[in-house]
Amino acid sequence: MNNLGIPLLLAGIIMLIITLAQFLKNRAFKNAQRVTGTVTRKERNVRGGKNRTTVYELTLSYTVDGTAYERAVHVLRDEYEAVDVGGRYEVLYRPDNPQKIMRPGNEDSRNVRTLLIMGVAVTAVGVVLILTGK
């Protein structure tokens, strides 16, 4: 018996957990404000073994209400390549905690809805395959 249901069920559950985490993060940034910071450092890290992933990170210095902050933010490759150290980059910050920043675009609820639909569908297919023994 080749049961594909269990891996699909696990993948669906993982997708739903990621969806929940992104939903909570988006909720925390519901009232986010924009600030433009100066790039003080750029880092590109390759993670993983066989299935490598490259993570692009900018460290920014920015000021909110007279207080200076320096934080890192993950960005897309195109954004990473488009800005140099000393260049400007806009981020979202939480007014209740300006140290918490996010790349603009990550707060889009469409991302969460899409991942939720995919997670529910994959989980449902996994459950059906387990119940039917296929």
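Strands, in what follows, are DSSP runs of E with at least two residues, numbered from the N terminus. With that settled, Glu 43 can be placed: this residue sits in strand β1. I should state at the outset that the structure before you is a predicted model.

Let me begin with the overall architecture. The protein contains three helices and five strands. Read from the N terminus, the order of these elements is α-β-β-β-α-β-β-α. The radius of gyration is 19 Å, well over the 14 Å that the globule rule gives for 134 residues, so the protein is more spread out than a compact globule. Along the principal axes, the C-alpha atoms occupy a box of roughly 65 × 35 × 20 Å.

Some totals complete this general picture. Of the 134 residues, 28% are buried. The accessible surface amounts to about 9,000 Å², and carbon and sulfur atoms contribute 55% of that area. Among contacts with a separation of 6 or more, 63% join residues 24 or more positions apart. As to charge, there are 19 positive and 12 negative side chains, and the centres of the two sets are 9 Å apart.

I turn now to the helices. Helix α1 covers residues 5-28, which is 24 residues. At 1.5 Å a residue, the expected span is 34 Å; the end C-alpha atoms lie 35 Å apart, and the two values therefore agree. Within α1, the buried residues include Gly 12, Met 15 and Thr 19.

Which residues does Thr 123 contact, once its neighbours within four places in sequence are left aside? They are Leu 8, Leu 9, Gly 12, Ile 13 and Leu 16. Thr 123 itself belongs to helix α3, residues 109-132. Its relative accessibility is 14%, and because the cut-off for burial is under 20%, Thr 123 counts as buried. Between the C-alpha atoms of Thr 123 and Gly 37 there are 41 Å, with 86 residues separating the pair along the chain.

Next, strand β1, which comprises residues 33-47 and includes Val 39. Is Val 39 buried or exposed? At 1% relative accessibility, Val 39 counts as buried. Beyond four places in sequence, Val 39 is in contact with a number of residues, among them Leu 58, Thr 59 and Leu 60, and also Val 83, Asp 84 and Val 85. Thr 114 lies 75 residues from Val 39 along the chain, and their C-alpha atoms are separated by 32 Å.

Glu 43, with which I opened, is in strand β1 as well. At 24% relative accessibility, Glu 43 counts as partly exposed, because that class runs between the 20% and 50% limits. Not counting residues up to four places away in sequence, Glu 43 touches Val 55, Tyr 56, Glu 57 and Tyr 80. The C-alpha atoms of Glu 43 and His 74 are 9.5 Å apart, although 31 residues separate them in sequence.

My last residue is Asp 65. Where is Asp 65 placed? The residue is in the loop between β2, residues 53-64, and β3, residues 67-75. Its relative accessible area is 79%, and Asp 65 is therefore exposed. The backbone also deserves a remark: phi of Asp 65 is near 50 degrees, a positive value in a residue other than glycine.

To close, I return to two residues. Val 39 of strand β1 is buried, whereas Asp 65 in the β2–β3 loop is exposed. Thank you for your attention.

Key. Residues are numbered from 1 along each chain as its sequence is written. This is a predicted model: local features need pLDDT of at least 70, side-chain atom pairs count only at pLDDT 80 or more; totals for chains, interfaces and linings use all residues. Side-chain values use heavy atoms; hydrogens and water are left out. Helices (H or I, at least four residues) and strands (E, at least two) are DSSP runs, numbered from the N terminus. Buried means under 20% relative accessible area, exposed over 50%, partly exposed in between (1.4 Å probe, protein chains only). Contact means heavy atoms within 4.5 Å. The radius of gyration is taken over C-alpha atoms; the globule rule is 2.2 Å times the number of residues to the power 0.38. Accessible areas come from the Shrake-Rupley method with a 1.4 Å probe; for residues, only the protein chains shown count as cover. Lys and Arg count as positive and Asp and Glu as negative; His and the chain ends are not counted. The place of a charge is taken as NZ of Lys, CZ of Arg, CG of Asp or CD of Glu. The expected span of a helix is 1.5 Å times one less than its number of residues.
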